[in-house]
Structure formats: C-alpha cells, structure tokens
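Student: Could you take me through one part of this structure up close? I'd like some background on the whole chain too.

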Amino acid sequence: MKITGIIVAAVLIAGSGLTLHVAQSQQQGVKRTDLLRHDLDVSGREVIQVRVDFAHGVAFRPHSHPGEEIAYVIEGLLEYRVEGKPPVTLKPGEALFIPAGAIHAARNVGSGNAAELATYIVEKGKPLVVLGLVAPGN
C-alpha cells in the first residue's frame, strides 16, 4: 500500500510539473498551435512545427530552445531580438534562423495580428521552451 501511495504521489507531482511547463510556455495574447512532431534519423533529435499567433502589440518574453529554430512570418510584422545581434523586423514571407540555446524574444510591431511558423530541430525529451531568462540587449 505504501509503494502504491508513493507511485501515485510521483505521478501527481510529474503531472503538475507538466501542467506548469505548458502554462508557462503560454501567455496572454500569444497562442501556440502544435502542428507536427516527428523523430529524425539523427539519434535523440526531433522536429517540431508550431504556429504562433501574436495579438496586436504583444511580445513573447525572452526564452530559449534545446536546439535550432527557424521562424517564418506568416502574417503581420514581428520584431525579433536574439542575443548578440541587433533587432530585426520581418514581414510575411521572411525567415530568421535562431541558434540552439540563444536567448531571444519576439514582438508584434504591426497594426494588427501577427503569426509565425516556428520549426524547431531539438533534443528529444527536453522542454521545448525555457523561460525566465534575461531579455537580449539588457
């Protein structure tokens, strides 16, 4: 009975951590829609595609990923700040490569909604979004 209680407690703790991770990667005015997740032929790596929608004037706070990201702007104007580089503003049809582990942030600087297609080549099993980092340029 004691072992069963320990297992139940461990599952509840792990589940609450997953819920916390998901809640932390979402923020008001930013909607992430998972599109694809697939293992790669490279051991321990996977590709993930996500559509990220930004409400007018909203920024996704500084974060990093356990691998590379390619951000492709679908609509609106998005300003990206990547550590060690000057800010860049992209319009629909333009893309940006973000190196593995680079702290970066994105902000909708257009007059309406904005969206990107984010493609990640990351280490499998690690959290996709790591928050709580210092903003680039600060």
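Tutor: Sure, let's start from the outside. The chain exposes about 8100 Å², with carbon and sulfur atoms supplying 61% of that area (areas come from the Shrake-Rupley method with a 1.4 Å probe, and for residues only the protein chains shown count as cover). Of its 138 residues, 34% count as buried, meaning under 20% relative accessible area.

A word on the source: this is a predicted model, where local features need pLDDT of at least 70, side-chain atom pairs count only at pLDDT 80 or more, and totals for chains, interfaces and linings use all residues. Residues are numbered from 1 along each chain as its sequence is written, and side-chain values use heavy atoms, leaving out hydrogens and water.

The pLDDT (the predictor's confidence in each residue, from 0 to 100) averages 84 over the chain, and 76% of the residues score at least 70. Over residues 4–25, though, it is below 50. Where pLDDT is low, don't read the predicted coordinates in detail.

As for the layout, there are one helix and nine strands (DSSP runs numbered from the N terminus: helices are H or I, at least four residues, and strands are E, at least two). The helix comes at the N-terminal end of the order, followed by the strands.

Now the close look: His-63. You'll find His-63 in strand E3, residues 59–63, and it is buried, because its relative accessible area is 6%. His-104 is 41 residues away from His-63 in sequence, but their C-alpha atoms are 5.6 Å apart in space. The side chain of His-63 also makes a polar contact with the side chain of His-65, at 3.3 Å (a pair of N or O atoms within 3.5 Å; within protein, one must be able to donate a hydrogen and the other to accept it, and residues adjacent in sequence count only if both atoms are side-chain atoms).

Methods:
Contact = heavy atoms within 4.5 Å. Buried < 20%, exposed > 50% of the residue type's maximum accessible area, 1.4 Å probe, protein only.
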